[in-house]
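Here's a quick briefing to read alongside the model. Take a look at the fold first, then use the notes below to find your way around.

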Amino acid sequence: MKVSLLAALITTLSSAALAQTRVGNILITPAQPATTAPASSARGAAPTSTVPAGMRELRGRVALRGGADVRLPAGSQVTVTVQEYGRLPVNPVVRVQFPATRLSVPYQVYFNPTRLTPGRRYAISAVVTDRAGQVLYASDPVLALPQGMRVTLNLPVRRLP
């Protein structure tokens, strides 16, 4: 009896740690750390059963170019942004920020495609900052925002001087 109660408690606590947060029309889901980088997927090739209706999902890894594993300073943050490219002021479609202790780190972003204006260009990019907000690593923006309901896109970053 005591063993089954303990197992139920552990299951409940571990599932609560992955709770989703809704901000307006954006659903933010913490990505579970993976032990290997996800494979590239074809447009919409992955199962779509977990993507909320009407939403798109971008997922992958923010990793150092060349694939080296790097330990980050305490308090480091990763920010992944989908935004219109080449227009000022910059108004992100979605921006997700989360703490990280290492590169490579998984990310997952949900967004509503109705927020994208037809004929405009959108980009996804990643920035890694230290506790004070100093940029440590950054990706080049990926200008061709992938199409499909669920797409894997790894974001390689480079060290900034």
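How many helices and strands does the chain have? It has one helix and 12 strands, where helices (H or I, at least four residues) and strands (E, at least two) are DSSP runs, numbered from the N terminus. This is a predicted model, so keep in mind that local features need pLDDT of at least 70, side-chain atom pairs count only at pLDDT 80 or more, and totals for chains, interfaces and linings use all residues. Residues are numbered from 1 along each chain as its sequence is written, and side-chain values use heavy atoms, with hydrogens and water left out.

**The chain as a whole**

- Reading from the N terminus, the elements go α-β-β-β-β-β-β-β-β-β-β-β-β.
- Of the 161 residues in the chain, 35% are buried; buried means under 20% relative accessible area, exposed over 50%, and partly exposed in between (1.4 Å probe, protein chains only).
- Among contacts with a separation of 6 or more, 65% are between residues 24 or more positions apart; a contact here means heavy atoms within 4.5 Å.
- About 9,800 Å² of the chain is exposed, and carbon and sulfur atoms supply 58% of that (accessible areas come from the Shrake-Rupley method with a 1.4 Å probe; for residues, only the protein chains shown count as cover).

**Strand 3 and its partners**

- Strand 3 (residues 56–64) is largely enclosed by the rest of the structure, because eight of its nine residues are buried.
- Seven bridges link strand 3 to strand 8 (residues 105–111) in the antiparallel sense; two strands pair if DSSP finds at least two bridges between them.
- Within that pairing, L58 sits opposite V109 of strand 8.
- Strand 3 also runs parallel to strand 11 (residues 150–152), with three bridges joining them, and here L58 has V151 as its bridge partner.
- Strand 12 (residues 155–159) is parallel to strand 3 as well, again with three bridges; L64 is matched with V157 there.

**Strand 9 and its partners**

- Strand 9 (residues 122–129) has seven of its eight residues buried, so it is largely enclosed by the rest of the structure.
- Strand 5 (residues 77–84) runs antiparallel to strand 9, and eight bridges join them; one of the matches is V78 with V128.
- On to strand 10 (residues 135–139): it pairs with strand 9 in the antiparallel sense over three bridges, with T129 partnered by V135.
- Strand 9 and strand 10 make a hairpin with five residues between them, and G133 in the turn has a positive phi of about 90°.

**Some buried residues to click on**

- V105 belongs to strand 8 and is buried, at 12% relative accessible area.
- V105 is 43 residues from V62 in sequence, yet their C-alpha atoms are 5.4 Å apart in space.
- Leaving out residues up to four places away in sequence, V105 touches G60, R61, V62, V78, F98 and A100.
- L153 is in the loop between strand 11 and strand 12, and it counts as buried at 17% relative accessibility.
- L153 and I124 are 29 residues apart in sequence, with 9.5 Å between their C-alpha atoms.
- Residues touching L153, again not counting those up to four places away in sequence, include R59, Y107, I124 and P146.

**Side-chain contacts**

- Which side chain does R150 meet in a polar contact of 2.5 Å? The partner is E57; a polar contact is a pair of N or O atoms within 3.5 Å, where, within protein, one must be able to donate a hydrogen and the other to accept it, and residues adjacent in sequence count only if both atoms are side-chain atoms.
- R150 is in strand 11 and is buried, with a relative accessible area of 12%.
- T79, in strand 5, is buried too at 13% relative accessible area, and its side chain makes a polar contact of 3.3 Å with the side chain of Q97.
- Setting aside neighbours within four places in sequence, T79 is in contact with R95, V96, Q97, S125, A126 and V127.
- R159 lies over the face of Y137, 5.2 Å from the ring centre (a charge sits over a ring if NZ of Lys or CZ of Arg is within 6 Å of the ring centre and within 35 degrees of the ring normal).
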